[in-house]
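Visitor: I would like to go through this model with you, one question at a time. Could you guide me from a single residue to the strands?

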Amino acid sequence: MLTPAFELSQDPDFLTVAIRVPYARASEFDVYFEGADFKFYAKPYFLRLTLPGRVVENGSEQGSYDAEKGIFTIRLPKETPGQYFEGLTMLTALLAPRKPRTAKPLVEEIGALAEVVEDDDGEFDWEIEQTPYEEVPEGTLNPQCCYGFGNSRAGVVLRLQDELSDVIDIKDPDFTPAAERRQKRLAAELAKFDPDHYLADLFEDEAVKQILKYNPWWNDPYSEMMTCLGKSQEPESHGALVSFSEEEKYQLRKFVNKSFLLDKRARRQVCYGLIDILLAYCYETRVTEGEKNVESSWNIRKLSATLCWFETWNDVREILVSFGRRVLCYPLYRHFKLVTKAYRDVIKILQLGKSAVLKCLLDIHKILQENDPAYILNDLYISDYCVWIQKAKSKKLTALAEALKEVSLTKAQLGLELEELEAAALLVQEEEAARNAASSPSPQQTPCCSPEPRDPEGSGSSDTEDPASEQEGLAERQAVPGASLRGPFLAENDALLPDGGVGQKSAMGQGVLLASSQEPAGRRPLIEELGDHLRTALQISPLEGAAGQSHGETQDREEQAVPRD
């Protein structure tokens with residue numbers, strides 16, 4: 001618990017206690033006073049005072065809260081009106097717990113054994129120790145270690161570190177420069193990345209496909225806006241496409257109206273941070289299909305490096321790369337298509353204008369406010385964003401949308417070796433497909449089959465009786481099973497396999513086949529049909545490349561099938 005800054009004052013009839021709690025929830029606090037005892041609680045703050053005089057609860061007590069300054073003011077009626085309380089400026093003495101009343105025993109046994117016996121009947125002191133609040137000297141803070149909206153805060157986490165340990169990943173941000181924060185973030189993401197989880201979501205993507213089909217609330221207004229643009233209507237009418245509920249209007253009335261003095265660098269950080277936060281919100285809205293749950297707060301703050309690491313940005317591409325890495329490292333669904341979908345969603349929201357952005361921020365504010373202690377991020381970022389966006393110029397949001405459109409994101413840019421990982425997974429899958437095809441021979445084959453079906457690529461040889469039938473035979477036994485296991489996603493990503501060497505492109509156009517591993521496995525059941533006397537004479541030439549594979553294998557098999565003179 002934190003001891004808040006406070007001060008006491010008095011008039012003839014009331015004692016006034018002013019308590020500064022800038023990062024507490026104003027809607028949730030407790031006050032207790034009786035006689036000389038006063039206690040105040042608003043997480044993460046706790047204040048216990050031993051007053052120099054007695055107060056009473058008679059219905060005339062009053063309380064107020066200044067949201068802009070974060071100060072609770074409580075007026076307590078004195079038990080004896082007109083009494084003067086001394087020592088109201090002695091803060092340390094006021095924080096000290098009241099000394100318990102003790103008395104020595106009236107009768108003492110003489111000559112007793114000097115044994116130390118634990119007194120179980122004694123009262124245990126449950127009161128926690130308090131220390132007066134001290135402002136952090138500005139000289140001890142590094143000016144390069146700022147955070148919050150527009151990088152305008154410092155020294156906040158220094159006192160709230162225990163409360164924020166489960167909310168943010170950065171440790172000691174008040175003494176960690178931005179460059180060091182980024183290095184630690186990248187290292188943490190690499191340590192967290194799980195290739196098995198990524199591949200499982202890649203190949204078993206039924207749930208991801210369902211998420212991608214979800215229609216979020218901003219799609220309908222965006223479609224209407226594009227229809228209006230097609231009819232050459234004025235852009236000013238687009239603001240009416242997004243409406244606010246009564247609850248959202250109540251949220252807006254609770255915000256304190258204030259102005260922000262931001263330099264050029266701070267304005268850029270505000271805009272970049274907005275993109276990062278919206279990306280996390282769009283992902284969260286899609287995966288939960290608009291139904292918020294207990295993980296919603298975690299998803300938003302974990303996927304946004306702005307909220308989780310107090311990250312600062314230099315350009316839009318850095319934001320997309322960071323978001324893409326975090327999507328593939330932390331949440332339940334880790335698929336690159338979810339990254340690109342959220343990217344397109346943010347463009348739509350920015351194009352819809354301030355109303356759509358404000359609606360998203362209000363939803364984020366509500367999600368964080370209901371989570372303890374993630375609501376502190378509202379004080380550091382989201383509340384100020386909700387006020388700032390209402391005064392922002394529409395052309396600024398349009399410029400952000402255009403900047404996002406000009407940036408493209410690829411898997412290689414994420415630095416997680418995704419393409420190599422997928423290529424290796426495809427090779428393993430093809431090997432398993434070839435082994436399965438080899439272990440289950442086709443029922444159409446007979447022991448006395450002709451040499452034609454044994455030529456895997458008979459179209460490359462001019463000495464066979466029927467090259468077309470040979471190619472069809474291979475298509476039935478080898479290409480079709482491999483293609484059936486590949487799936488639509490693998491067919492789209494054939495280019496991920498390395499050219500030559502391990503992976504080869506099939507001349508039949510059925511996808512990626514393994515020339516070095518699949519070919520012998522596919523040949524084994526055909527060779528067994530020739531009998532023991534031909535199997536001993538089998539000679540297989542080494543494969544020297546994709547170009548000569550078909551012709552060489554055709555000649556080898558003809559030599560094996562037709563006895564020489």
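Visitor: Is Arg267 buried, partly exposed or exposed?
Guide: In this predicted model, Arg267 belongs to helix H8, which covers residues 264–287, and it joins Lys264, Arg265 and Arg268 in forming a positive surface patch. Buried would require under 20% relative accessible area and exposed over 50%. Because the relative accessibility of Arg267 is 37%, this residue counts as partly exposed.

Visitor: How many bridges join strand E2 to strand E6?
Guide: Strand E2 (residues 14–20) has six of its seven residues buried, so it is largely enclosed by the rest of the structure. Strand E6 (residues 71–77) runs antiparallel to E2, and within this pairing Phe14 has Pro77 as its bridge partner. The number of bridges that join E2 to E6 is seven.

Visitor: Which residue in E2 stands opposite Gln10?
Guide: Strand E1 (residues 5–10) runs antiparallel to E2, with six bridges joining them, and the connection between E1 and E2 is a hairpin through three residues. In E2, the residue that stands opposite Gln10 is Leu15.

Visitor: Which residue in E4 stands opposite Gly35?
Guide: Strand E4 (residues 45–55) is largely enclosed by the rest of the structure, because eight of its eleven residues are buried. Strand E3 (residues 30–42) pairs with E4 in the antiparallel sense over seven bridges, and a hairpin through two residues joins E3 to E4. Opposite Gly35, the residue in E4 is Val55.

Definitions and conventions:
Residues are numbered from 1 along each chain as its sequence is written. This is a predicted model: local features need pLDDT of at least 70, side-chain atom pairs count only at pLDDT 80 or more; totals for chains, interfaces and linings use all residues. Side-chain values use heavy atoms; hydrogens and water are left out. Patches are made of residues with over 30% relative accessible area and no salt bridge: like charges are joined within 9 Å, nonpolar side chains (Val, Leu, Ile, Met, Phe, Trp, Tyr) within 5 Å. Accessible areas come from the Shrake-Rupley method with a 1.4 Å probe; for residues, only the protein chains shown count as cover. A salt bridge is a side-chain nitrogen of Lys or Arg within 4 Å of a carboxyl oxygen of Asp or Glu. Lys and Arg count as positive and Asp and Glu as negative; His and the chain ends are not counted. The place of a charge is taken as NZ of Lys, CZ of Arg, CG of Asp or CD of Glu. Helices (H or I, at least four residues) and strands (E, at least two) are DSSP runs, numbered from the N terminus. Buried means under 20% relative accessible area, exposed over 50%, partly exposed in between (1.4 Å probe, protein chains only). Two strands pair if DSSP finds at least two bridges between them.
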